[in-house]
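Open the model in your viewer and keep the selection box ready. This tour goes stop by stop, naming what to select and what is there.

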Amino acid sequence: MTEVKFPSGLRLETFEHPKGFDPLEAEDKDLSKYGIPPRPEKNPELLKKWKEMLQGVHFLKPAFGEPVTGVRHHLSPAAFEGEVENVTETSDNWSGGVAYPTNSTVTTAYGEWTVPYPYPPAVGPAAPPAGYYYSTWVGIDGDGSADVVQAGITAHTTGWPMPFGGPPLVISTNFAWIEWWSPETVDPSKAAPVLIAGFPIAWGDTVSCWVQSTSATGANIVLRNISHNNQAMSFALTAPPQTNLVGNCAEWIVERPSPPPLDHNPQHPYGLANYGSVQFVNCASGLSNNTSMLPGSGNNINMTDLAGNLISAGNLVGADAVKCTYI
């Protein structure tokens, strides 16, 4: 086990799993030892998904890059007070689905999605100098609460027109990341997602993410690349100082991140990359009363630009899927 502390105050533990380690056969103490989310024995529906997620996984030892200082994730400004269902929310940075528990709290969020290739909506002088971004992620809290524990994939794209016509030259990159974010306790200049080095990710890969709280200040996360022979990484997180998980919602999101704050003042989000569409499937969340909650019981979130124009639509598809579409 290796522990790393980041400028935000987040502490991450990484693990080197023994050869042949099978979490489905492991004892509870070994699951904890290697950063695997606890087995949800009292919730049969969630236990089934837990087993599916960990079936045949091949664990890699994570390595971390520097915090991604040029990218900032944020809470949804469309936060509702209390528990509101079957409502369309509007946000300038989130698109997707969010579900709220009743008389309970969220302890787990899970989903799978295919990483879409991003295209710049404009190239050359018409494009912003910083290019375009999207982040796809699964998390707990952030819509009506002042923290988010989350993990996912961020993509960046930019392009240049070619002389004498022809299609533009487009360069797109991506990276996996992990974060426990709280504006209440962290210097905004230090609140950056942590890049996960060595996690295999390519355009069109199907990935999954399991986020589970172990306490008000602790969580386990497993990121898995289903398309790359079920290669996975597990993490144990300790929240930044004075940050506590609320457990008021679970979400499946496409986000357009923001630049770093300027003189401690938040900036408007980056332009949203044209990601086409992405669908989070097999989604579920676990609750503190040992029941499950699906995104279909919650709200869809539409993203608008600063002029109020719809740029990304979030739709609840059946009980356990969320589809986001670039507009």
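The stops below cover a pocket, salt bridges, a helix and some single residues. Bear in mind throughout that this is a predicted model.

**Stop 1: the largest pocket**

Rolling a probe the size of a water molecule over the atoms shows where empty space is left. Here, the largest pocket holds about 190 Å³ of space. Select Pro40, Thr107, Gln212, Leu287 and Asn290. Of the 15 lining residues, these five are the closest to the pocket centre. Now colour strand 7 (106–114), strand 12 (206–215) and strand 17 (277–287). Each of these strands gives two or more residues to the lining. What is the lining made of: how many nonpolar, polar and charged residues? The split is 4 nonpolar, 8 polar and 3 charged.

**Stop 2: salt bridges**

Side chains of opposite charge can pair when their charged atoms come close. The structure holds 6 salt bridges. Three of them are worth a visit, as follows.

Select Arg39 and Asp28. Their closest N and O atoms are 2.8 Å apart. The two residues sit 11 apart in the chain, and the pair links distant parts of it. Asp28 belongs to helix 1 (28–33), while Arg39 is in the loop between helix 1 and helix 2 (44–54). Which partner is buried, and which is exposed? Arg39 counts as buried because its relative accessibility is 17%, under the 20% cut-off. Asp28 counts as exposed because its value is 54%, over the 50% cut-off.

Move on to Lys29 and Asp30. This salt bridge has its closest N and O atoms 3.6 Å apart. Lys29 is exposed, with 56% relative accessible area. Asp30 is partly exposed, at 21%.

Now jump to Glu112 and Arg224. Their side chains meet in a salt bridge, with N to O at 3.7 Å. How many residues separate the two along the chain? The answer is 112. Glu112 lies in strand 7 and Arg224 in strand 13 (residues 218–225), so look for a link between distant parts of the chain. Is each partner buried or exposed? Glu112 is buried, with a relative accessible area of 12%. Arg224 also counts as buried, at 5%.

Before leaving the salt bridges, add Glu27 to Lys29 and Asp30. Salt bridges with shared partners join these three residues into one network.

**Stop 3: helix 2 and its two faces**

An α-helix has 3.6 residues a turn, so residues three or four places apart point the same way. Test this on helix 2 with Leu46, Leu47, Lys49, Trp50, Met53 and Leu54. These are the buried residues of the helix. Why do they fall on the same side of helix 2? They do so because they cover an arc of only 165 degrees around the axis.

Now select Pro44, Glu45 and Lys48. These exposed residues are on the face of helix 2 turned away from its buried side. Step past the end of the helix to Gly56. Gly56 follows helix 2 and has a positive phi, near 70 degrees.

**Stop 4: Ser172**

Go to Ser172 in strand 10 (residues 169–181). Ser172 is buried, at 15% relative accessible area. Show polar atoms around its side chain. Which residues does the side chain of Ser172 meet? One is Tyr117, whose side chain makes a polar contact with that of Ser172 at 3.3 Å. Another is Pro118, whose backbone oxygen lies 3.1 Å from a polar atom of the Ser172 side chain.

**Stop 5: Val68**

Select Val68, in the loop between strand 4 (63–67) and strand 5 (88–91). Val68 is buried, with a relative accessible area of 14%. Draw a distance from its C-alpha to that of Leu223. The two atoms are 18 Å apart, and the residues are separated by 155 positions along the chain.

**Stop 6: two positive phi angles**

Most residues other than glycine have a negative phi. Finish in the loop between strand 13 and strand 14 (231–238), where Asn229 is found. Asn229 has a positive phi of about 60 degrees, although it is not a glycine. Asn230 lies in that loop between strand 13 and strand 14 too. Its phi is near 55 degrees, again a positive value in a residue other than glycine.

Terms used. Residues are numbered from 1 along each chain as its sequence is written. This is a predicted model: local features need pLDDT of at least 70, side-chain atom pairs count only at pLDDT 80 or more; totals for chains, interfaces and linings use all residues. Side-chain values use heavy atoms; hydrogens and water are left out. On a 1 Å grid over the protein atoms alone, a cavity is a set of points where a 1.4 Å probe fits but cannot get out, and a pocket is an open set with protein on both sides within 12 Å along at least five of seven lines; lining residues have an atom within 4 Å of a point. Grid points are joined across faces, edges and corners, and a volume is the space filled by probe spheres set on the points. Helices (H or I, at least four residues) and strands (E, at least two) are DSSP runs, numbered from the N terminus. Ala, Val, Leu, Ile, Met, Phe, Trp, Tyr, Cys and Pro count as nonpolar, Asp, Glu, Lys and Arg as charged, and the others, Gly among them, as polar. A salt bridge is a side-chain nitrogen of Lys or Arg within 4 Å of a carboxyl oxygen of Asp or Glu. Buried means under 20% relative accessible area, exposed over 50%, partly exposed in between (1.4 Å probe, protein chains only). The arc is that of the directions from the helix axis to the C-beta atoms. A polar contact is a pair of N or O atoms within 3.5 Å; within protein, one must be able to donate a hydrogen and the other to accept it, and residues adjacent in sequence count only if both atoms are side-chain atoms.
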